[in-house]
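This report describes selected parts of the structure shown below, with attention to one sheet, the helix that covers it, and a separate pair of helices.

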Amino acid sequence: MKYTISTIATLAVLGSAQSALAQTEIEFWHAFTGRLGELVAEQVDTFNASQDEFVVVQSHKGNYSETLNAGIAAFRAGEQPHILMVFEVGTATMMAAQGAIRPVFEVMGDGFDQSKYIGSVKGYYTSTDGNMLSLPYNSSTPVLWVNRDMLSEAGIDPDTDLSTWEQVGEVLDQLAAAGVECPMTTAWQSWIHLENFSAYHDVPFATQENGFAGADTELAFNSPAQVAHISAMGKWAEEGKFIYAGRRNEGGANFRAGECALFTESSAGYAGINAEAEFEFEVRPLPYWTAVADEPQNTIIGGASLWVMEGHEAEEYAGVAAFMDFLSSPEIQAKWHQDTGYLPITSEAGELTREQGFYEANPGTDIAVIQMTAKEPTANSKGLRLGSFDQIRGIIDEELEAVWSGDKDAQAALDSAVERGNALLRRFEQASR
C-alpha cells in the first residue's frame, strides 16, 4: 500500500490496537534513544497499524557497539532477533559471519528492485556481484553546522564563506580574538576528520580500495594529506580554537546549548539541533583544503544498516520483507529524511522531499545529498570495508587524543595508529579465511 504523510500520524495512533491482531512477531534491535528513538517507535507503530499479519517489536540495545555485540551474543545463544541494526564499520564483520546472516536481497525475493536505492549509499552494503546484503537505514554524512548568532556577536558576517579549511582557520582566529571560548568542536573525530577527510580529498584511507577489493588491506591514513589536516587541528587545539569534547557525539550538547560557533557533525544532527537550539543555525558543506585538492570529491556515509539474522521461520521472513518494503517506501523515507537529517535511501524519497518544498523551506538540508551524489565515487571515496574497524577506531581515537593534548605530533600519532590497526587487520584476515 501507499503510506501518505497525511495517514502516518493516524496509523501510529492505531498501532497498539492493531498489534493485538498480529499473528507473527518480528524482533528489531536498534541503537537509538532520544528523538531518534521516538521516530523509530513511530515508524514501527505505523507499520503495525497498517496491516494485521505481522507485529514488529522494537528494542533499544545500547549504542552502536553494544547493539552489535548484543546481536553476536544472541546468535551464539540461539536467541537472535530477526533484524539487527549494525553501524557501517561493522559491515565487514557481518559479511564474515557466515551462517549468521541472510542477505536482504534473498529475503526480499523476486521482484526486489535494487536499482531504486541511491548508489553511493547502496554500494556500502552490496556484495561484489552487485547484490544488497543489508538494507541501508540511517545513512548520514558529515557537514559543518554554524551558529550564525555567535558569528554575528563576534563581529563576523554570518554569511562568510566557510567552504575551505583555510577560510575556517581565518574565522577561528577571529572567534578566538573576540573571546569565544569554543570556536569549534566536533563529533565522531575518526569518521569525519580521517575517514571522510580521505574520501573528500580523494586520497586512500587504506589499500585495496579501502578494503573493498580484498581483506589483505593495509591502513594508509598517515600520508601527507591526513597528517597536514590533523596537524592543523592539533595547532587549533593548542590555541584553544578547537575544543575536543569526546569520541562520539558529546560535542553535540555543547553546540545545541549555544556554546560553540562551528561544529563538524553528521547531517543527522538535524533532529536534535532543530529541536533544541535556541539560536539561528545553518548547515554548510564539509570544508576541504585547497592545498590538497582543487575541489572536493564526495563524502561517505555513516550510520547503520539493517541485517537479517538467520535461524527463523519462513513466515517470519515474510514479515521482515514486508517491514523493509515499508521502510523503503517514498513517503516513509521522505518523512524519515525530513525528520532526522539522514539521507533518503531512494531517489524517489529525495524527489518527493523536493516536491513537498522541504528543501526550499529549510535551506541547506539538501547539502548532505548533494555531497554524496554530485560526483561518481572513486576507489578512494566509495566507503570503507575493513575488519575489526570498531576496534581500529578506538585506536585512532587514542592517538588523536594524544595530538589534541599535545603529547604527540600528528605524524607520530597517525604512524602509531596505522601500525596498531594493521595488526588487527592481519588477525581479522587470518580468522576470515
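In this predicted model, D202 takes a positive phi of about 55° in a position just after helix α10. Helix α10 itself spans residues 189-200 and packs on a sheet, where it touches the strands β6, β7 and β8. The direction of α10 makes about 90° with that of β8. Twelve of the twelve residues of α10 are buried, so the helix is largely enclosed by the rest of the structure. The buried residues of α10 include the aromatic side chains W191, F197 and Y200, along with H193, E195 and N196.

**The sheet**

The sheet is open and has four strands in the order β7-β8-β6-β9, with mixed pairing. At its edges stand β7 (184-186) and β9, each with a single partner strand, so that one side of each is left without a neighbour in the sheet. Direction ignored, neighbouring strands of this sheet are turned by 25° against each other on average. The pairings are set out below.

| Strands | Sense | Bridges | A bridge pair |
|---|---|---|---|
| β6 (residues 142-147) and β8 (residues 262-266) | antiparallel | five | V143 with E265 |
| β6 and β9 (residues 281-284) | antiparallel | four | W145 with V283 |
| β7 and β8 | parallel | three | T185 with F263 |

Strand β6 is joined to β8 by five bridges and to β9 by four bridges, and in both cases the strands run antiparallel. W145 of β6 has V283 as its bridge partner in β9, while in β8 the bridge partner of W145 is F263. F263 is also the bridge partner in β8 of T185, and W145 and T185 are therefore both paired with this one residue of β8. Further along the parallel pairing of β7 with β8, M184 stands opposite L262.

**Burial of the strands**

How many of the residues of β6 are buried? Six of its six residues are buried, and the strand is accordingly described as mostly covered. This applies to both faces of β6, since P142, L144 and V146 are buried on one side and V143, W145 and N147 are buried on the other. Strand β8 is likewise covered, for five of its five residues are buried, so β8 is largely enclosed by the rest of the structure.

**A pair of helices**

Helix α12 (residues 224-238) packs against helix α21 (residues 410-431) at an angle of about 125°, and the axes of the two helices lie 9 Å apart. The two helices are therefore oblique to each other, and α12 passes α21 in a right-handed crossing. On the side of α12 the contact is made by Q226, V227, I230 and S231, and on the side of α21 by A410, Q411 and L414. What is the character of the residues in this contact of α12 with α21? They divide into four nonpolar and three polar residues, with no charged residue among them.

Key: Residues numbered from 1 in each chain as written. Predicted model: local features only at pLDDT ≥ 70, side-chain atom pairs only at ≥ 80, totals over all residues. Heavy atoms only, no water. Axes fitted to C-alpha atoms, helices over the stretch in contact; angles between N-to-C directions. Parallel < 35°, antiparallel > 145°, perpendicular 65-115°, else oblique. Left-handed = near helix turned anticlockwise from the far one by under 90°. Contact = heavy atoms within 4.5 Å. Nonpolar A, V, L, I, M, F, W, Y, C, P; charged D, E, K, R; others polar. Buried < 20%, exposed > 50% of the residue type's maximum accessible area, 1.4 Å probe, protein only. Pairing = 2+ DSSP bridges.
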